[in-house]
Amino acid sequence: MSPDLDVAVVGAGMAGLTAAHELRRAGLQVRVFEQQKHVGGRMRSVRHDGYTIDEGAEQVSDQGYRATWELLARLGVPKDHVPSIGTPIGMWRDGRARPGVADRAAVFSGAGLLPRARVDLARFLAWAALHRGEFDCDRPERTPLGAATVREFARRYHPDLHDYLFQPVAGSFFGWDTARSAAAPMVALLLAVGPPAGWRTYHDGMDLLARRLAEGTDVVTGAEVHEVVTENGRARLRVGDDVVTARSVVLSVPAPVAARLHANAPADERAFLSACTFTPTLKVSCLLDRPLAPVSRKPLYILLTPDAEDDVLSAIIVDHVKHPGRAPSGKGLLTLMADPRSIPGLLTAPEQQITDRLVRAATRYVPGLETAGRKHFVHAFAHGLPEATPEALRLRAPFMARGVRPVEYAGDWVMLRPASEGAVRSGTLAASRVLSRLRPPPTAGPPLPASLAAEENLS
Ligand SMILES: Cc1cc2nc3c(=O)[nH]c(=O)nc-3n(C[C@H](O)[C@H](O)[C@H](O)COP(=O)(O)OP(=O)(O)OC[C@H]3O[C@@H](n4cnc5c(N)ncnc54)[C@H](O)[C@@H]3O)c2cc1C
């Protein structure tokens, strides 16, 4: 019996929607199954009373988002729909905000670094410039940093570089513990995206690209996939109470979910899937009756609150500065990001308790916050961001060299890149692997004998 579909995609986040888009363009019959009632995954936005609230991702960048920009251009989204944010990031230190984080001028201004540490920031930037060509976000396992953790790498420099730069950046943007995550993916990503002056956001919510990709794609929402089994070179999925068969499946869900769904995954896949752990994320959106922001001598888009200064929050994002359309005129929208250390104790707490805890912690930086909140939304992702541990880094090369099979994977974790560009890149990669199996190029010649094909898959 012929299968129901050419390709079943599991998950309508950026990775799954990108893969589905590419495969549909190639003429295949594709259906996306999404357990939620909406698309976007960790890049979803919700609308409430004139506010546009980004549940997960907050921004993209001019640089380092090549696949995203290509997709936007193909879908006809003009660049002015992704406007520049253009407001600096600050670091909280010793009772005040220090603007200019991740800016080259921080070598002089400090942006929270002591004078001695600024010299080491200059050393780090010079080293990074020298080795720039050896950092490729698509191959984080091949850099001069090997599998060193962020904390180990930071030991080359003044302790401030860890405490007031690498740790707050890793903790707030990636949800990482610097003792657990590898430095190479982080340095590669920072070099690729460049300073905050180049950061942008989608004008009407971070879900813009997901919504555009979903238009014209066969997406079934509210459809949870419970199991994926491969047999006789095809895949069988249990979707709700139904069974669906497909020539290929793209599992576009976080690695721990993929490992659970694809119980008979080959050993070389399982090792990497198990190593691709995630950290949870937790944030509270505060819909304000006025445009409050952290106290600072210069307006800020984000205030980072390092572990050395705060154990409840990792950052405060000023969404109404990010884009004026995020809040109604005269109102404000702030996002309070929980410190990764405080998340395990809060994740299962009642929403009111989470809100109270984060708002109380934030009033230190934003006086008046406790009385300005009209409504709060809590956003929790148990699988928030891929950790990119040294173990995952070590296992990535063999995983990427595996042969093409009925079940492919997509997701930011495949690239060990905790950003939406990683999800998009992984989606295009998974699509090309599926196509190479279902639509081998005409010049490929006759199929290899099974023994030779197995050898080629190992190379
Ligand atoms: C708090 C936070 C802030 C971030 N900030 C940024 C940022 O500023 N810039 C940036 O570029 N990136 C950012 N990111 C990262 C970015 O959001 C992700 O890299 C990207 O959205 C991941 O896309 P994905 O498709 O790999 O996974 P997901 O978005 O997680 O998509 C997976 C989808 O699969 C669905 N699913 C899961 N299980 C099943 C099942 N059994 N059956 C059917 N469907 C299922 C899920 O509901 C989900 O929709 C942030 C992430 C978080 C959490």
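Two strands count as paired if DSSP finds at least two bridges between them. Helices (H or I, at least four residues) and strands (E, at least two) are DSSP runs, numbered from the N terminus. With those terms in hand, here is a hairpin to begin with: β11 and β12 are joined with two residues between them, and Gly 240 in the turn has a positive phi of about 55°.

The model is predicted, so to speak of a local feature requires pLDDT of at least 70, side-chain atom pairs count only at pLDDT 80 or more, and totals for chains, interfaces and linings use all residues. Residues are numbered from 1 along each chain as its sequence is written, and side-chain values use heavy atoms, with hydrogens and water left out.

**Strands around β12**

Let us stay with β12 (residues 242–251). Its hairpin partner β11 (residues 234–239) runs antiparallel to β12, over five bridges, and Leu 237 has Val 244 as its bridge partner. Strand β1 (residues 5–10) also pairs with β12, in the parallel sense and again over five bridges; here Leu 5 is matched with Ala 246. Strand β18 (residues 407–409) is parallel to β12 too, with three bridges, and Val 250 is the bridge partner of Glu 408.

**The seven-stranded sheet**

An open sheet of seven strands has the order β7-β6-β14-β15-β16-β13-β17, with mixed pairing. β7 (96–99) and β17 stand at the edges with a single partner strand each, so one side of each has no neighbour in the sheet. On average, neighbouring strands here are turned by 25° against each other, direction ignored. Axes are lines fitted to C-alpha atoms, for helices over the stretch in contact, and angles run from 0 to 180 degrees between N-to-C directions.

Within this sheet, β13 (residues 278–288) and β16 (residues 332–338) are antiparallel and share six bridges, and Val 284 stands opposite Leu 336. β6 and β7 are antiparallel as well, over four bridges, with Met 91 and Arg 98 as bridge partners. The hairpin of β6 and β7 has two residues between the strands, and Asp 94 takes a positive phi near 50°.

Helix α6 (residues 159–174) lies across β6 (89–93), β13, β14 (302–304), β15 (313–318), β16 and β17, at about 125° to β6. Contact here means heavy atoms within 4.5 Å.

**The ligand**

There are 35 residues around the ligand, and Glu 34, Arg 42, Gln 59, Tyr 65 and Asp 412 come nearest. A residue is near a molecule or strand if one of its heavy atoms lies within 4 Å of it. The table lists polar contacts, that is, pairs of N or O atoms within 3.5 Å; within protein, one must be able to donate a hydrogen and the other to accept it, and residues adjacent in sequence count only if both atoms are side-chain atoms.

| Residue | Polar atom of the residue | Distance to a ligand oxygen atom |
|---|---|---|
| Met 14 | backbone | 3.1 Å |
| Ala 419 | backbone | 3.3 Å |
| Ser 420 | side chain | 2.8 Å |

Taken alone, the ligand exposes 1,000 Å², of which the protein buries 95%; accessible areas come from the Shrake-Rupley method with a 1.4 Å probe, and for residues only the protein chains shown count as cover. Two or more residues of the shell come from each of α1 (14–25), α9 (255–261), β17 (373–386) and α16 (420–438). The largest share, three residues, belongs to β17.
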